[in-house]
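Here is the note you asked for on this model, set out as numbered points. Please read it with the structure open beside you.

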Amino acid sequence: MPAVVLVGAQWGDEGKGKATDLLGSRVDYVVKFNGGNNAGHTVVIGDEKYALHLLPSGILSPGVVPVIGNGVVVDIDVLFEELDALNSRGVDTSRLLVSSQAHVIAGYHRTLDKVTERFLGKRRIGTTGRGIGPAYADKINRVGLRIADLFDPKILAEKVEGSLDQKNHLLVKVYNRRAVDVDETVDELLAHAERLRPMVANTPLVLNQALDDHKTVLFEAGQATMLDVDHGTYPFVTSSSATAGGAVTGSGIGPTRVDSVIGVIKAYTTRVGEGPFPTELFDANGEYLLKTGGEYGVTTGRARRCGWYDSVIARYSSRINGLTDLVVTKLDVLTGMEKVPVCVAYDVDGTRYDEMPDDQTAFHHAKPIYEELPGWWEDISGARTVEDLPKNAQSYLARLEELSGCRISAVGVGPRRDEIIPVHDLIHGR
Ligand code: IMP
């Protein structure tokens, strides 16, 4: 112990790296437990910028054991590309462990992701096109490929054949595409096996033993609460469990082992892809947040949709994840605004909702009810305690804390690693 779970509290890209930086050298293991290379985080170390999509951020910290858990879907080409890129810059990646039970993204998953989106037309999800949804669909349909299958060529061939049987009909007859060749696919996958072998481990066992040995294990979610397949804005979600519960199933530890759950939340809101977003702005303020916040996707380069802070979502995230701490990021982006609106509730066709509506149609109709807070003009990037902040920024944070159902334990005030205000220690017992 302790086991610390880190999740995004909105629609992703909240800047989880800020919280990871604060935990720093006290962490022994960093576990990615859901998603795949649909994520994207930029990590800045010294003058070097690293963009990672699949590897857990812990890969860059000397001494930390990075783990790809059983809940992840792994594109092995991408895994090797990211490892090669880091190795060529002198980063030691030899400690990486990959769960033998993690699922594999094959070429046909990527193909299907793209053709299905095209087929959906205006009902598309706006996926990252990385094959994530089709790989998870195969997992649930029990026709998926697991990492362990790569070490048994006969089983692998049977599974690929079984999986492609239906898909080739779909590709040829519905989507008018070429059929995927079974042997070619098997050969491509087998070609990776030897390089992968030393990384593969029984990660649930390793992680439970680490906790028994009083190591600190950080479980870092990909994507975020509102993109979770159960609790997000379904169907405009990703296909995995991005909430705190996913840390348990996606890594093979029991829920009683989790000590704290940190939610990372921006001082405003962003979203990429399609789907409802009540506080979305279509005016100059939205443009300002996009430009000032540098809100462009790391994975697809898409401009993110921007809007005001939504405390209905913050309260929902606090509840669904059982948050013990909130880390508010990018407060500095709001500097220079005369008034900063915060959504306190929704109006749905004339009815006030203080909590998240539990049906999709109501959420699609939700109009934000705002409270306007006074802004500030001073540069806040040098603030290292809450008292260093201008009074109005302090009041803004105090109001967010009141509205969000969870204490604020740190505040990001700039892009640099040290531009943060620590408030409460993020590693603590229950
Ligand atoms: P998928 O995960 O590629 O299937 O995409 C499903 C939805 O999740 C789309 O709206 C994506 O834009 C969104 N999404 C996936 N990964 C991320 C992420 O790391 N940050 C923000 N949005 C994401």
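**Notes on the annotated sites and the ligand**

1. Lysine 139 counts as partly exposed, because its relative accessibility is 29%, a value that falls between the cut-offs of under 20% for buried and over 50% for exposed. Please keep in mind throughout that this is a predicted model. Lysine 139 belongs to helix α4, which covers residues 132–140, and, once neighbours within four places in sequence are left aside, lysine 139 is in contact with Asn70, Gly71, His103 and Gly144. As for its place relative to a later part of the chain, the C-alpha atoms of lysine 139 and threonine 329 are separated by 34 Å, and these two residues are 190 residues apart along the chain.

2. Lysine 139 also appears in an annotation, since the unreviewed UniProt entry places the feature "active site" at Asp13, His41 and Lys139. These positions are spread over 127 residues of sequence, and they are also spread in space, with up to 25.9 Å between C-alpha atoms.

3. Where does aspartate 13, another of the positions in that annotation, lie in the chain? Aspartate 13 is found in the loop between β1 (3–8) and α1 (16–23), and it is partly exposed because its relative accessible area is 28%, with the limit for buried set at under 20%. Leaving aside neighbours within four places in sequence, aspartate 13 is in contact with Lys266, Val272 and Arg304.

4. The contact between aspartate 13 and arginine 304 deserves a separate remark, as the side chains of these two residues are joined by a polar contact of 3.3 Å. Arginine 304 sits in the loop between α10 and β13 and counts as buried, because its relative accessibility is 9%. Not counting residues up to four places away in sequence, arginine 304 touches Asp13 and a further set of residues that includes Lys266, Thr270, Arg271, Val272, Leu290 and Glu295.

5. Arginine 304 is also one of the positions at which the unreviewed UniProt entry places the feature "binding site", the others being Val298, Thr299, Thr300, Gly301, Arg302 and Ala303. Is threonine 299 buried or exposed? Threonine 299 is buried, because its relative accessible area is 16%, which is under the 20% limit. Threonine 299 is found in the loop between α10 (284–293) and β13 (305–307), and, apart from neighbours within four places in sequence, threonine 299 is in contact with Asn37, Asn38, Ala39, Gly40, His53 and Arg130.

6. Turning to the ligand, which residues come nearest? Of the 15 residues around the ligand, those that come nearest are Asp13, Asn38, Thr128, Thr238 and Arg302. By class, the shell around the ligand is made up of six nonpolar, seven polar and two charged residues.

7. Some of the polar approaches to the ligand can be listed in more detail. A polar side-chain atom of threonine 128 lies 2.6 Å from an oxygen atom of the ligand, and for threonine 238 a polar side-chain atom is likewise placed 2.6 Å from a ligand oxygen atom, whereas with glycine 126 a polar backbone atom is 3.4 Å from an oxygen atom of the ligand. The ligand has 470 Å² of accessible area on its own, and the protein covers 96% of this area.

Definitions and conventions: Residues are numbered from 1 along each chain as its sequence is written. This is a predicted model: local features need pLDDT of at least 70, side-chain atom pairs count only at pLDDT 80 or more; totals for chains, interfaces and linings use all residues. Side-chain values use heavy atoms; hydrogens and water are left out. UniProt positions are given in the numbering used here, feature names are shortened, and annotations may be inferred rather than shown by experiment. Helices (H or I, at least four residues) and strands (E, at least two) are DSSP runs, numbered from the N terminus. Buried means under 20% relative accessible area, exposed over 50%, partly exposed in between (1.4 Å probe, protein chains only). Contact means heavy atoms within 4.5 Å. A polar contact is a pair of N or O atoms within 3.5 Å; within protein, one must be able to donate a hydrogen and the other to accept it, and residues adjacent in sequence count only if both atoms are side-chain atoms. A residue is near a molecule or strand if one of its heavy atoms lies within 4 Å of it. Accessible areas come from the Shrake-Rupley method with a 1.4 Å probe; for residues, only the protein chains shown count as cover. Ala, Val, Leu, Ile, Met, Phe, Trp, Tyr, Cys and Pro count as nonpolar, Asp, Glu, Lys and Arg as charged, and the others, Gly among them, as polar.
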